[in-house]
Amino acid sequence: MGTDTEKKPILLTVDDDPGVSRAVARDLRRQYGESYRIVRTESGPQALETLRELKLRGDLVAVMLADHRMPDMSGLEFLEEAMDLFPQARRALLTAYADTDAAIQAINVVDLDHCRLKPWDPPEEKLYPVVDSLIEMWQASDEKPVTQTQVVGHRWSARSFEVRDFLARNSVPYKWLSSEDPEGERLLKAAGVGPTEIPLVVTPDSDYLIAPTIAEVAARVGLSTEPTTDFYDAVIIGGGPAGLGAAVYAASEGLRTVLVERQATGGQAGQSSRIENYLGFPDGVTGSQLTDRARRQALKFGAEILTARDVVGLDLRPSSRAVRFDDGGEVVAHSVLLATGISYRKLEIPGADELTGRGVFYGSTITEAPWCSGDDVYMVGGANSAGQAAVYLSRHARKVTLLVRADNLERSMSYYLIRQIADIPNIEVRLSSEVVEARGDDHLEELTLCARGSGKTETVPATYLFVFIGAAPRTEWLEGIVQRDENGFVLTGPDLRTTGQRPRGWNVDRDPYYLEASAPGVFAAGDVRANSVKRVASAVGEGAMAVQLIHSYLEHQ
Ligand SMILES: Cc1cc2nc3c(=O)[nH]c(=O)nc-3n(C[C@H](O)[C@H](O)[C@H](O)COP(=O)(O)OP(=O)(O)OC[C@H]3O[C@@H](n4cnc5c(N)ncnc54)[C@H](O)[C@@H]3O)c2cc1C
């Protein structure tokens with residue numbers, strides 16, 4: 001059945017007599033078949049099962065016509081339960097003369113629109129006028145079919161936040177429903193799960209996932225998670241600006257390229273509300289716009305992009321490099337580019353870990369901002385990323401308080417941002433100030449702040465704390481494989497030759513290329529590289545440059 005047909009609103013009938021059931025359906029199809037889909041069922045339980053499927057598929061039910069006298073479940077009982085799933089659908093009971101009393105009673109119980117006496121012949125006189133008026137009433141409700149993924153979760157559920165953030169950062173359109181909203185409850189009921197089994201992810205093809213992993217969500221919403229072949233010229237690890245830049249150049253120059261991203265393409269840049277200093281965008285560009293374009297560009301040239309795959313190991317084999325995933329899978333290539341950037345440092349205070357995703361957030365301002373409207377929010381950090389986020393959040397929150405440990409912003413934040421912040425009345429900057437504890441049961445409820453110097457503490461009510469306290473490379477998995485500096489950044493090219501010697505174990509008769517790590521054929525670009533510049537432009541530039549060096553490596557291998 002084509003999508004068009006599926007998304008026609010539905011007229012559902014239920015009658016236990018197959019002959020009658022077929023006849024009603026035939027009459028309805030003749031009159032309404034062009035604009036409505038007629039769904040025929042032969043018992044209350046069967047009709048309810050059908051309604052549950054329709055609900056999960058995002059279909060609309062306009063009218064339900066139920067026979068009253070049915071053995072398993074009366075029409076009345078059916079309509080009562082059906083209302084929980086499709087409250088907007090108009091309802092009619094088909095009764096024989098003898099059941100008129102029951103039907104009249106039903107008008108009050110299930111807010112029935114019509115009880116229609118059988119037989120309905122001729123339909124032009126007895127059936128269509130009733131159905132017409134039911135359709136007209138339903139049309140006034142202005143219901144729309146749901147064509148996108150729906151997520152039922154709770155505002156303060158860390159798992160729900162994870163899924164929401166993942167979909168948002170991967171530009172997958174979705175509809176969010178709280179498990180406490182009536183429509184959220186209806187979907188949970190249709191899937192047969194309780195309010196604690198969240199998030200529930202419902203895709204438009206009526207498939208659903210209960211409390212899924214991110215990899216399951218990725219696969220279900222159409223993001224690639226599996227390589228299509230088992231050998232590539234280049235595996236790029238990390239889908240930030242460096243990785244995407246490399247993917248565009250590598251694929252456009254004919255290298256068989258696969259990019260593996262643990263969470264969402266865009267990396268840190270994807271979380272930026274406005275990048276003002278990237279060449280070619282005089283009015284700035286949002287991180288998600290830049291990411292979306294880069295991603296499409298890489299795919300256009302034939303790069304594969306795998307999402308929700310976490311790389312945990314790198315094996316140096318005699319004539320190849322194998323990249324291992326956390327689920328045991330692997331992808332093998334001639335060369336590897338490490339473009340894993342840096343990740344936010346964790347806030348080491350009591351309560352922060354327990355409340356992460358439930359009021360304490362690392363980055364994620366774009367996903368969370370709409371939720372903060374009217375709230376007072378707190379932010380920790382004094383660098384550009386915190387400044388940008390404060391400016392962005394100030395458009396949603398009632399007030400933004402930026403907590404900065406240092407006694408000035410000038411040393412850590414760009415002048416243009418300091419100026420912008422000073423001009424925004426609902427941003428307060430508290431210098432020499434830090435947060436020392438986060439508390440809350442179900443979600444963040446209060447913070448303890450401490451004034452550095454005096455040591456004076458203050459407890460404030462808070463539902464949001466956004467943390468931007470610097471970042472570190474997460475490269476522990478490269479231990480013993482490539483050389484890193486004392487902070488975990490990958491050493492490349494000239495940085496490997498500070499003693500005038502080639503790296504230990506280096507087995508080719510040339511020096512490491514400029515962006516090559518201490519293992520031949522393994523390169524690093526962007527923020528993860530020791531002494532890199534930590535900018536979007538430099539990450540993209542290094543990604544492009546790495547591809548040239550990969551070409552040289554492949555030629556002389
Ligand atoms: C909020 C914010 C605003 C910023 N604003 C600006 C700005 O205005 N101008 C500017 O020039 N710079 C800005 N920056 C800095 C800039 O975004 C970074 O320098 C740039 O993103 C670095 O790119 P990258 O590709 O090296 O790394 P990242 O962007 O950090 O990307 C690395 C990617 O690798 C993935 N990854 C990590 N480990 C693994 C693994 N093991 N397996 C699979 N995938 C993995 C990560 O999930 C991530 O997506 C900003 C940064 C932030 C956080």
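This passage walks through the ligand site of a predicted model and then turns to its cysteines.

Start with who sits around the ligand. The shell comes to 33 residues, and A242, E261, Q268, N277 and D527 are the closest of them. By residue class, the shell splits into 14 nonpolar, twelve polar and seven charged residues.

Several polar contacts involve ligand oxygen atoms. At D527, a backbone N or O atom is 2.8 Å from an oxygen atom of the ligand. Q388 uses its side chain instead: an N or O atom there lies 2.9 Å from a ligand oxygen. P241 again brings in the backbone, with an N or O atom 3.2 Å from an oxygen of the ligand. As for overall cover, the ligand on its own has 1,000 Å² of accessible area, and the protein covers 94% of that.

Which elements give two or more residues to this shell? They are the helices α11 (241-252), α12 (267-270), α15 (384-393) and α17 (536-555), together with the strand β11 (257-261). Of these, α12 gives the most, with three residues. P241, whose backbone makes one of the contacts above, is where α11 begins, and Q388 falls within the α15 range. E261, listed among the closest residues, sits at the end of β11, while Q268 falls within α12.

On the cysteine side, there are zero disulfides in the structure. C372 has a relative accessible area of 0%, so this residue counts as buried. C450 comes out at 12% relative accessibility and is also buried, because the cut-off for that label is under 20%.

Note on methods:
Residues are numbered from 1 along each chain as its sequence is written. This is a predicted model: local features need pLDDT of at least 70, side-chain atom pairs count only at pLDDT 80 or more; totals for chains, interfaces and linings use all residues. Side-chain values use heavy atoms; hydrogens and water are left out. A disulfide is a pair of cysteine sulfur atoms within 2.5 Å. Buried means under 20% relative accessible area, exposed over 50%, partly exposed in between (1.4 Å probe, protein chains only). A residue is near a molecule or strand if one of its heavy atoms lies within 4 Å of it. A polar contact is a pair of N or O atoms within 3.5 Å; within protein, one must be able to donate a hydrogen and the other to accept it, and residues adjacent in sequence count only if both atoms are side-chain atoms. Accessible areas come from the Shrake-Rupley method with a 1.4 Å probe; for residues, only the protein chains shown count as cover. Helices (H or I, at least four residues) and strands (E, at least two) are DSSP runs, numbered from the N terminus. Ala, Val, Leu, Ile, Met, Phe, Trp, Tyr, Cys and Pro count as nonpolar, Asp, Glu, Lys and Arg as charged, and the others, Gly among them, as polar.
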